[in-house]
Amino acid sequence: MMYAQQRLLRLSVLLLPILLNFNRLLPLCAAPVNPDGKAVGSSTVELSDEDVSRQSEENGDNTSNSPDIIQRSADSTSTESATLLPEVLVYGRADSLIGIAAAASQGTVGKDELELRTLSRPGEVLETVPGVIVTQHSGAGKANQFFLRGFNLDHGTDFATSINGVPVNLPTHAHGQGYTDLNILIPELVERVDFRKGPYYADLGDFSSAGAANIKYVDSLPYSIAQVEGGSFGYERGLYASSRLIGSGNLLYAVELFHNDGPWSTPDDYKKINGVLSYSRGDAEHGYSITTTAYAGHWTATDQVAKRALSEIPGFDRFDTLNSSDGGNSQRYNLSAEWHRADADSSTKVLAYGFYYDLDLFSDFTYFLNSPQGDQFEQLDRRAVGGLKASQTWYSQLFSRDMENTVGLQIRSDSITNGLFQTVRRHRTDKVDYNGETISETTRSDDVWEASFSPYVENKVQWADKFRTVLGLRMDYYYFDVDSNLSSNSGTRDDAIVSPKGSLIFGPWAKTEYYLSGGLGFHSNDARGVTQKVDPMTGDPVKPADALVRTKGAEIGVRTTAIEGLQSTLALWLLDVDSELVFAGDAGSTEASAPSRRYGVEWTNYYTPTKWLALDADFSFSHAEFRKTVGDDGSQGTHIPGAIDSVMAIGIAYRQPGERGFFSDLRLRLFGPRPLIEDNSVRSATTTLLSAKAGYNFNKNWTLSVEGFNLLDNKNHDIDYYYPSRLKNEVAGPDDGGYNDIHFKSVEPIAVRAALTFRF
């Protein structure tokens, strides 16, 4: 399979010149999907009225065939925009963005497509980003696992996620760098998802090398929503959301109550409550908003299990657990304020935010490898975070050509308390290893202050009717201050990195545009690893990790709407990382490894032959490798464990026009095999899942819908790892390193959920 994919990548490179010019063979009268050429998605290049008229003439009018209307992005994943265009909503997908986007892999997904999507978990909203796969290896209350562009992104490293511009990723997290918990998300409030991939954008910094997405909530609702849901395995959910005019502004409020057991022998018993309260005033040109959100969750977890347990433990099933006391609880409380103003000469945006977060997570991945009392451990994370994002854009001309210059500043401060503790059934305790020596209750405990200061500049010029550039420069300064229970690991450190970025955009010709993008980026490492000098488990000396790790990326792509009703993009990409982060099973976190290289191809298609029918087909193939041989003596190689090879997502959605009628969505997703060890001798299988949603709008008030998941009842795996562990009945010796095995989390079996919605 791997060699076939490599051949496919090479073939794609050879075919690219043909694909880039294929549109010239198509009738020039074909209409694009972009409705009128006037609107903007997650834009990095904005157009004047003259440019809009020219784009409309070039693209034609496709409003009769597409539900897509694109809105200018007013959030952190989009660079600053002129205000010469009217504000409208993104109803479907807006991959066209001809004359707007800076890369083929940039896009926007709107509310109508999101409403029809089957979602087994809220984090799957990110699966609207082509190539992204969202899975889980533990309890439902824990952050998801993410895959994209040959990365096992763990819980969010190298993919920057924000909600209304407020970052979700958590650096120096107790469980994993860049931890991204999207259980705080209420899908019914999402207006659109703006996404970008690659280190090509000056306003994107830490964690964004593989990609970034901003999930934008609505400011108001056209009606109040009362919704109740129920389904298989103890699934229960209630939602109330509404908005009303208060003075000249909109007050939006929502509350979500949730419970789910899952199919596990030890029920997840996941309970959560979500709340949103927001007040906004003004429009796209002048306005502000104040938003507060609250989340609390509690759960029991069935973590990944050793494959051999199915045969060695009588009666053990794929839904059983090897430690029934795993689980956790988490809270997050956000407060943010956003202000913007714009006119024909300039625009200003300011976002200030603060939040409190805590997590107590109990995990056991190796069972009895280190102690006959069990290997469960607690990871604790408590933090207070404050930040600011501000930008100023000036609109002018250079040699009679439109030009934009942007200056921005991003500041963030995390005050963190985190720790790693030995536990038995969630109680902290000293343990005894197989040599009779004591394993201290406290592996490590740290107070950390991490701060970043990140100015950037960006220049956009429309040099000619068919050529424009986006050039940027970003500087990131980081300061780390660690106060550890082990004095050898305490200390301060700082580092800075400068990242130039840019894109050349050619066209459009015959409703087709071409992109050449490149740039430098980075990801930060855990502050504890940056100052660490001694391994807290063994006492052995260790080398501190690099504070900021360089990434380098490039992409060539094409975007076309030459076939009526079809939006299609093709991107060939390359990304180098100077130090890879890989999963460490015994610690339940990631650790730095060798430099890596990834390359691949993405082909994204969205077809709306009529207003009531939409088809999408996204294909992503990638190859990932270390740039030098790594691994233990028995497993040396260049393969990156967990690096996903292929992703395919195909869907068909139907919506009967009018206030009454049927709607449905059928969706197939496939994510391909992955090497689980450096020498590629152990690989995961392919996972294929089919889901569907069907419903009926009785009138403008009442809707009944039913969702089905894993309709083929496949027994595939959500996640696979390969590392040593020891079951309770397995013989242990003082020098025994355990038993290497695949550890997996099964996908959930076929399940059904029903929802009744009342709008008033």
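## A tyrosine and its neighbors

Let's start with Y217. Leaving out residues up to four places away in sequence, Y217 touches I163, N164, I184, L185, I186, L189, V190, E191 and V276, where a contact means heavy atoms within 4.5 Å. Keep in mind that this is a predicted model: local features need pLDDT of at least 70, side-chain atom pairs count only at pLDDT 80 or more, and totals for chains, interfaces and linings use all residues. Residues are numbered from 1 along each chain as its sequence is written, and side-chain values use heavy atoms, with hydrogens and water left out.

## Two nonpolar cores

Y217 also turns up in the largest nonpolar core, which has 56 residues. Y217 is listed there with L126, I163, L189, V193 and I215 as the residues with the most contacts inside this core. A nonpolar core here is a set of buried Ala, Val, Leu, Ile, Met, Phe, Trp, Tyr and Cys residues joined through side-chain atoms within 4.5 Å. Buried means under 20% relative accessible area, exposed means over 50%, and partly exposed is in between (1.4 Å probe, protein chains only).

Which strand gives this core its largest share? That's strand 16 (residues 346–363), with six residues. Strands (E, at least two residues) and helices (H or I, at least four) are DSSP runs, numbered from the N terminus. There is also a second, separate core of 16 residues, and L97, A101, Y201 and I505 are among them. In soluble globular proteins, nonpolar side chains tend to be buried together.

## The whole chain

Now zoom out. The chain has five helices and 38 strands. It is 760 residues in total, and 61% of them count as buried. Of the contacts with a separation of 6 or more, 69% are between residues 24 or more positions apart.

What about the outside? The chain exposes about 27600 Å², and carbon and sulfur atoms supply 59% of that. The areas come from the Shrake-Rupley method with a 1.4 Å probe; for residues, only the protein chains shown count as cover.

## Salt bridges

How many salt bridges does the structure hold? There are 39, each one a side-chain nitrogen of Lys or Arg within 4 Å of a carboxyl oxygen of Asp or Glu. Take E115 and R655, whose closest N and O atoms are 3.7 Å apart. This pair links distant parts of the chain: E115 sits in helix 3 (residues 111–116) and R655 in strand 32 (residues 646–655), 540 residues apart. E115 is partly exposed at 32% relative accessible area, and R655 is partly exposed too, at 26%.

Then there's R121 with E124, at 3.3 Å between the closest N and O atoms. Here R121 is buried at 16%, and E124 is buried at 7%. K552 and D578 make another bridge, at 3.0 Å between the closest N and O atoms. K552 lies in strand 26 (548–560) and D578 in the loop between strands 27 (566–577) and 28 (581–584), so the pair ties together parts that are 26 residues apart in sequence. Finally, E188, E229, R237, E256 and K272 are linked in a salt-bridge network.

## A little sheet

One open sheet has three strands in the order 2-3-4, with antiparallel pairing. Strands pair if DSSP finds at least two bridges between them. The edge strands are strand 2 (133–135) and strand 4 (151–152), each pairing on one side only. Two bridges join strand 3 (residues 145–148) to strand 4, and F147 has N152 in strand 4 as its bridge partner.
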